[in-house]
Every structure is written in structure tokens, then in C-alpha cells.
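This report describes selected features of a protein chain for readers at the bench. The sequence and the structure are shown first, and the description follows.

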Amino acid sequence: MSDEILIRKPLGGYLTIGGKRPAVVQTMCNTHTSDVEASVAQCLRLAEAGAELIRLTVPTRAEVQALAEIRTRLVAEGCNVPLVADVHFTSDIAIEAARVVEKVRINPGNFHPDFDKAKEQLARLVEVCRQHNTALRIGLNHGSLGKRITDLYGNTPVGMKEAAMEWLRMCRDLNFGQVVVSLKASNTLVMIEAYRLLAEAMKQEDFHFPLHLGVTEAGNGESGRIKSCVAISTLLEEGLGDTIRVSLTEDPAAELPVARYLSQRYSGTLPATPDPALAFGEYSAEQVRTMLDAACVYGKKLFDKEIDEVAPECPGQSEAFRAHLADELMQACRRRFYKSEYIACPGCGRTMYNLEKTFNEVQRRTAHLKGYVIAVMGCIVNGPGEMADADWGYVGEGNGKVSLYKGKTALRRHIPESEAIDLLLQLIEEDSKA
Ligand code: SF4
């Protein structure tokens with residue numbers, strides 16, 4: 001069992017992550033953090049919808065300033081939800097953010113490539129965290145592991161585990177225990193294997209850091225929900241996982257009922273009646289609950305190859321619903337692909353275009369394609385790295401421009417948004433004939 005860590009709440013008291021507590025439900029704002037008004041409004045709405053932790057992106061120093069203002073405004077509104085600063089590239093920004101909010105997420109892959117220098121950066125950050133009672137998430141992602149690790153282990157679950165263990169050992173050496181760790185991937189098999197390997201490695205070194213679970217860039221709709229649920233439920237069933245973020249390319253409030261369902265199901269507190277907030281699009285809450293139940297029943301069995309087919313129970317639903325659910329379950333567990341695989345980040349303060357609308361349009365226009373992995377990413381800073389093993393990528397640059405990728409190579413840059421989907425389809429078609 002993981003150790004409990006206590007995240008201080010801004011108005012007093014603590015949020016516990018780990019131990020025997022049900023998994024903490026969290027989400028992330030998709031506003032621009034520098035837009036204080038919009039970010040405060042979204043945080044209040046997310047807190048109202050049940051978020052126990054809310055993350056905001058902090059790309060530059062300007063956002064640290066905005067974050068401080070958001071923190072003050074939320075306290076004035078009586079909102080007692082701890083905030084997490086999401087910092088990718090600069091340890092200096094992480095250090096500044098650690099003075100402002102209750103938790104900081106860092107991506108070690110983006111710290112200094114030299115191990116000793118990275119250790120110095122972490123030591124300075126930990127010192128500030130200690131002074132301000134701020135917690136830390138070591139947030140590794142498949143796709144942004146850093147050159148040193150990928151040179152040694154490849155872009156693999158083993159590499160993810162090794163990278164996490166390096167950083168956890170550094171935290172232990174610094175005698176700092178306010179740490180949560182995550183190893184996210186959009187490929188569900190990679191994600192599950194990475195967490196299993198990490199759990200085993202932590203056990204061997206007697207580490208008990210709580211785990212933050214998530215399938216990154218899971219997409220949207222029923223596919224995004226089912227993909228997240230099959231993977232997260234597999235780990236929860238094995239007793240792994242202390243906090244959950246279901247990452248959807250939708251309004252972040254839509255993530256919360258799905259994460260809450262998982263937390264309740266695996267803590268034995270799931271109500272018999274479906275949460276009305278589960279409803280989305282054409283699906284009623286009861287239908288979504290049927291999908292999530294099936295994801296939890298079949299996920300682990302499909303991943304572990306205990307079964308080769310599924311026959312989900314769908315009382316009161318049509319045969320078309322049942323068949324579609326079966327297809328989605330098989331695809332989410334990577335056992336059979338009935339359509340292209342879509343990867344889309346949830347968007348955050350770095351996103352400079354209408355990601356949700358574009359992702360829907362890309363899915364609609366590529367629905368006839370099968371067997372590809374197609375990514376739609378919100379920003380040029382993290383998008384290309386995070387889309388991991390996508391065959392094709394649509395990456396927003398900002399200012400109405402888009403880069404189009406084949407694998408890791410940018411085939412076209414600075415394409416106007418209005419032309420980008422047509423060009424993507426043209427490139428895929430030309431490539432298939434080559
Ligand atoms: S890839 Fe998406 S979620 Fe990640 S930093 Fe960029 S816009 Fe935000």
C-alpha cells in the first residue's frame with residue numbers, strides 16, 4: 001500500500017492522497033492561465049462538479065504571476081480545492097510556482113539532460129517545496145522521456161520505469177516524501193506495463209509513493225472514456241493507483257464523473273443509480289454507465305489475454321449499441337482495431353486554437369481510414385513529443401497555423417488552419433500510394 005501524503009488546502013485542512021483513501025479525482029483547466037477571469041470561473045465550476053485537485057499550465061513566468069492571482073481570487077470565493085502548477089521546461093518556473101500553489105507537477109524528461117545538473121535543479125525545487133509545504137508530482141510521459149533515458153532503454157515501459165525510479169531515488173536521497181508519481185502513455189498497453197514495472201521496482205526498494213493514474217491523449221466521446229477506463233480499472237483492480245485523471249478532449253468538467261465512477265467502484269462506494277453527470281452527446285447516463293461497467297469487467301481480462309472476445313451485457317439497449325461497445329472495448333485494449341486510433345491531447349493553456357472542434361472534424365474526415373494512428377495536438381511545444389508513436393499528426397502552432405507530421409517528421413509547417421485537414425488527407429493518400 002502507498003504512503004499517505006497530505007496536500008495542504010488553501011483554507012485549512014488537508015487532502016489525503018494514498019493509503020486506504022479512495023482515489024482522488026482530479027482534472028486540469030483548459031483556459032489560458034494568463035486569463036485570470038476565465039481560469040477562476042473554470043476552477044469554481046470544476047470544484048462545484050467535484051474536482052478534488054485542479055491543475056493549471058504554467059509555461060512562463062507570466063503565468064506564475066497569474067496563478068498567484070487565481071489562487072488569491074479562489075480563496076476570496078471560499079474555494080478550498082488545492083491547485084497544481086503544471087510545469088514542463090524550466091526548473092526556475094517550477095520553483096516560483098512552488099511558492100504559490102499547493103502542488104507542482106514536473107516532467108523530468110524536460111529537466112537538464114545531465115544527471116548531476118538535474119539533481120541540483122531538483123534539490124533547489126525540493127528546498128522550496130519543503131519551506132512552503134508544497135507537494136510534487138514526478139510526471140513522466142511516454143514520448144518525452146529525455147534523450148539520456150531513451151538512449152539507454154528506448155522509448156519503452158522499462159525506460160519510463162527507470163526514469164521514474166531515478167527521480168524517486170533522488171527524492172529519497174533528499175529525504176523528501178511529499179511526492180506522487182505518474183507514467184502516462186496514450187497506448188494503453190504501454191501505460192499498464194509501465195505502472196506494473198514501477199510498482200514492482202518500488203516494492204523492491206521499499207518505496208511507497210502514491211501513484212497518479214491516467215491515459216494521456218485518450219481522445220473524446222465513448223472512445224476516450226472506454227480507453228481510460230479499461231487501463232485505469234486494470235491497475236485499480238491490482239491495488240495500484242491513488243489519484244486519477246481521465247483526460248478527455250472535451251470540457252474538463254466531463255472528465256470528473258468518469259474519474260469519480262472509477263474511484264467509487266474500486267473503493268466499494270459506487271451508488272446503484274448512474275451519476276446524471278455521466279451523460280454526454282447522444283448517450284444517457286445509464287448508457288454511459290453500461291459502457292464504463294463493461295470497460296471495468298473486460299479491461300483486465302482482455303489486456304491479460306484471459307479472453308479473446310467480449311459479450312457485454314447491455315440491458316435495454318439495441319444490438320447496434322452492444323456491437324459498437326464490443327468494438328470499442330476490443331480497440332481500447334488493443335486486441336482488434338475496427339477504426340483508426342486517435343490520439344488527442346485534452347488541451348490546456350498552451351492551446352491556441354479550437355482543439356475540440358478540430359479533433360471532431362479530423363475524426364469525421366478520416367472515418368474511412370483504418371489502421372492508422374492519427375494525433376491532434378494542442379501545441380507545438382509539447383505536441384510533437386507527446387504524440388509518441390502516431391503515424392500522422394496535426395499540431396497547432398498558434399496564430400491560425402498548423403504543422404503536419406508523418407511520424408516524428410514535420411512534412412509541412414505554417415499551414416493555414418482552413419487548409420490543414422484537406423492537406424493532411426492528401427498527404428495520407430499520397431503516402432498510401434507511394
Ligand atoms: S500537448 Fe496539449 S495538453 Fe500538452 S501542453 Fe500542449 S496543448 Fe497542453
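## Burial and two buried residues

A residue is called buried when its relative accessible area is under 20%, and exposed when that area is over 50%. The model considered here is a predicted one.

C129 belongs to helix α4. Its relative accessible area is 1%, so C129 is buried. Leaving out residues up to four places away in sequence, C129 touches A98, T134, L136 and F176. C129 and E96 are 33 residues apart along the chain, and their C-alpha atoms are separated by 10.0 Å.

S247 lies in a loop, the one that connects β10 (243-244) and α9. With a relative accessible area of 4%, S247 is buried. When neighbours within four places in sequence are set aside, the contacts of S247 include the run of V215, T216, E217, A218 and G219. S228, E255 and P346 are also in contact with S247.

## Helix α3 and its surroundings

Helix α3 spans residues 91-98 and is mostly covered, with six of its eight residues buried. These buried residues are S91, I93, A94, I95, A97 and A98. One of them, A98, is also touched by C129, a residue of helix α4.

Which elements do the buried residues of α3 pack against? They pack against two helices, α2 (61-76) and α4 (115-132), and against two strands, β5 (83-87) and β6 (103-106).

## The five-stranded sheet

Five strands form an open sheet in the order β11-β12-β13-β14-β15, and the pairing is mixed. Strands β11 (341-344) and β15 stand at the edges with a single partner strand each, so one side of each is left without a neighbour in the sheet. From one strand to the next, the twist averages 20°.

Two helices lie across this sheet. Helix α12 (residues 355-365) lies across β11, β12 (373-377) and β13, and runs at about 160° to β12. Helix α14 (residues 417-433) lies across β13, β14 and β15, and its angle to β15 is about 150°.

## Two hairpins in the sheet

Strands β13 (residues 392-398) and β14 (residues 401-406) are antiparallel and are joined by six bridges. Within this pairing, W392 has K406 as its bridge partner in β14, and G398 has K401. The two strands form a hairpin with two residues between them, and N399 in the turn has a positive phi of about 55°.

Strand β14 also pairs with β15 (residues 409-416), in the antiparallel sense and over five bridges. Here K401 has P416 as its bridge partner in β15. K401 is thus a bridge partner of both G398 and P416. Strands β14 and β15 likewise form a hairpin with two residues between them, and the residue in the turn with a positive phi of about 55° is G407.

## The largest pocket

The largest pocket has a volume of about 560 Å³. It is lined by 27 residues, and those closest to its centre are M1, S2, G239, L240 and G241.

Helices α7 (188-204) and α9 (255-265) each supply at least two residues of this lining. The most is given by α7, with five residues. By class, the lining of the largest pocket comprises 12 nonpolar, seven polar and eight charged residues.

## The second largest pocket

How many residues line the second largest pocket, and which lie nearest its centre? The lining has 21 residues, and N220, G221, E222, N360 and Q363 lie nearest the centre. The volume of this pocket is about 330 Å³.

Helices α8 (221-237), α11 (319-332) and α12 each supply at least two residues of the lining of the second largest pocket. The largest share, four residues, comes from α12, the helix that also lies across β11, β12 and β13. The lining of the second largest pocket divides into five nonpolar, 10 polar and six charged residues.

Key. Residues numbered from 1 in each chain as written. Predicted model: local features only at pLDDT ≥ 70, side-chain atom pairs only at ≥ 80, totals over all residues. Heavy atoms only, no water. Pairing = 2+ DSSP bridges. Buried < 20%, exposed > 50% of the residue type's maximum accessible area, 1.4 Å probe, protein only. Contact = heavy atoms within 4.5 Å. Axes fitted to C-alpha atoms, helices over the stretch in contact; angles between N-to-C directions. 1 Å grid on protein atoms, 1.4 Å probe; cavity = no way out; pocket = protein on both sides within 12 Å on 5 of 7 lines; lining within 4 Å. Points joined across faces, edges and corners; volume = space filled by probe spheres on them. Nonpolar A, V, L, I, M, F, W, Y, C, P; charged D, E, K, R; others polar.
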